[in-house]
Amino acid sequence: MNQLPIIDISPLYSGHEHAHLEVARQIDSACREWGFFYIEGHPISAARVAKLSDHARRFFALPAEQKLEIDITRSRHHRGYGAIATEQLDPQQPADLKETFDMGFHMSAEHPDVLAGKPLRGPNRHPPQIPGWAELMEGHYRDMHDLASTLLRAIALALGIERDFFDRCFAEPISVFRMIHYPPRLTATRPDQQGAGAHTDYGCITLLHQDQAGGLQVQNVRGEWIDAPPIEGTFVVNIGDMMARWSNDRYKSTPHRVISPLGVDRYSMPFFAEPHPDTVISCLPGCHDASNPPKYPATTCEAYMLSRFAETYAYRREADAKAT
Ligand SMILES: N=C(N)NCCCC[C@H](N)C(=O)O
Ligand SMILES: O=C(O)CCC(=O)C(=O)O
Ligand SMILES: [Fe+2]
């Protein structure tokens, strides 16, 4: 009831079919009961995580005017730096006390999607001040994509659908890798301001690395907030709203939030796995039958994500209001 499952996924890399099935079964039951679990036995090295953490610290320590050279609110493709209070994940609360760096699947200016002006498509915008930044981040984006794909193949196995079903949907994805810095909580001036307000994620699955500061909380079935404490060497994985919808609510998209610690900075690194924008999100085979018909009309990944972004970003609401 108060303890998220921890799943060792190393058998997914061993090649034995029965071992894959056993891990798939564990992931399936965690997604149905919690929509949240930890993974261990993944291939992302501790050295890689340490390097990324060091880069995050250096980036967020840059002077504000340098970070704002890649301001996400001036990006047509939703990439770059988001200053404190750019996002408001819980509309009942003040905007989030966090700053972010977002990157996506890099597309050059000549790619047909970019030429066509597709909203989430374009080149990444990396800070030039930190040596080796772009190479590290682009390599990590590919590795996180591969890790998400491995988990999605296990989910396909659990659902009894073609093993490469999601691989096809996740070619040229709109997945985002994000770095987040939460400054220490300010109880004196803003006692109610949270690091990240209560929310559910929008996409399919999120793979989160958190540092040792703590502060992530997840809602259990009784609606109580429980801690999801840092566990060295793991990622916290959770289901997003698009996957809940795709799976006809077989899988849960569970509310979570971040209460920033007092007196210490917190750093986290989520990877939001989201498919190709044209992917049709209509009830997955294996998730409906005569007694359990599809609950949601079909939509596309792009239409769904854009509708959700408008809720989170004040600057997008203003832009949308001007446009209409
Ligand atoms: N595909 C993109 N651009 N995703 C951006 C990340 C949005 C974060 C939000 N908390 C979420 O749950 O998705
Ligand atoms: O930073 C964290 O631990 C969680 C962040 C989160 O839930 C999000 O950005 O969607
Ligand atoms: Fe989240």
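Where does ligand 1 sit? Ligand 1 is in the largest cavity, and ligand 2 sits in the largest cavity too. A cavity here is a set of points on a 1 Å grid over the protein atoms alone where a 1.4 Å probe fits but cannot get out, and a molecule sits in it if more than half of its atoms lie within 2 Å of its grid points.

This is a predicted model, with pLDDT of at least 70 needed for local features and 80 or more for side-chain atom pairs, while totals for chains, interfaces and linings use all residues. Residues count from 1 along each chain, chains are lettered from A and ligands numbered from 1 as written, and side-chain values use heavy atoms, without hydrogens and water.

Twelve residues surround ligand 1, and Val-176, Asp-201, Tyr-202, Glu-274 and Phe-309 come nearest (near means a heavy atom within 4 Å). Around ligand 2 the residues include Asp-201, Tyr-182, Arg-266 and Phe-272. So what do the polar contacts look like, taken as pairs of N or O atoms within 3.5 Å?

| Ligand atom | Protein partner | Distance |
|---|---|---|
| Ligand 1, nitrogen | Ile-174, backbone | 3.2 Å |
| Ligand 1, oxygen | Asp-201, side chain | 3.3 Å |
| Ligand 1, oxygen | Tyr-202, backbone | 3.1 Å |
| Ligand 2, oxygen | His-199, side chain | 3.0 Å |
| Ligand 2, oxygen | Asp-201, side chain | 3.1 Å |
| Ligand 2, oxygen | His-256, side chain | 3.0 Å |

On its own, ligand 2 has 290 Å² of accessible area (Shrake-Rupley, 1.4 Å probe), and the protein covers 96% of that.

Methods
A polar contact is a pair of N or O atoms within 3.5 Å; within protein, one must be able to donate a hydrogen and the other to accept it, and residues adjacent in sequence count only if both atoms are side-chain atoms. On a 1 Å grid over the protein atoms alone, a cavity is a set of points where a 1.4 Å probe fits but cannot get out, and a pocket is an open set with protein on both sides within 12 Å along at least five of seven lines; lining residues have an atom within 4 Å of a point.
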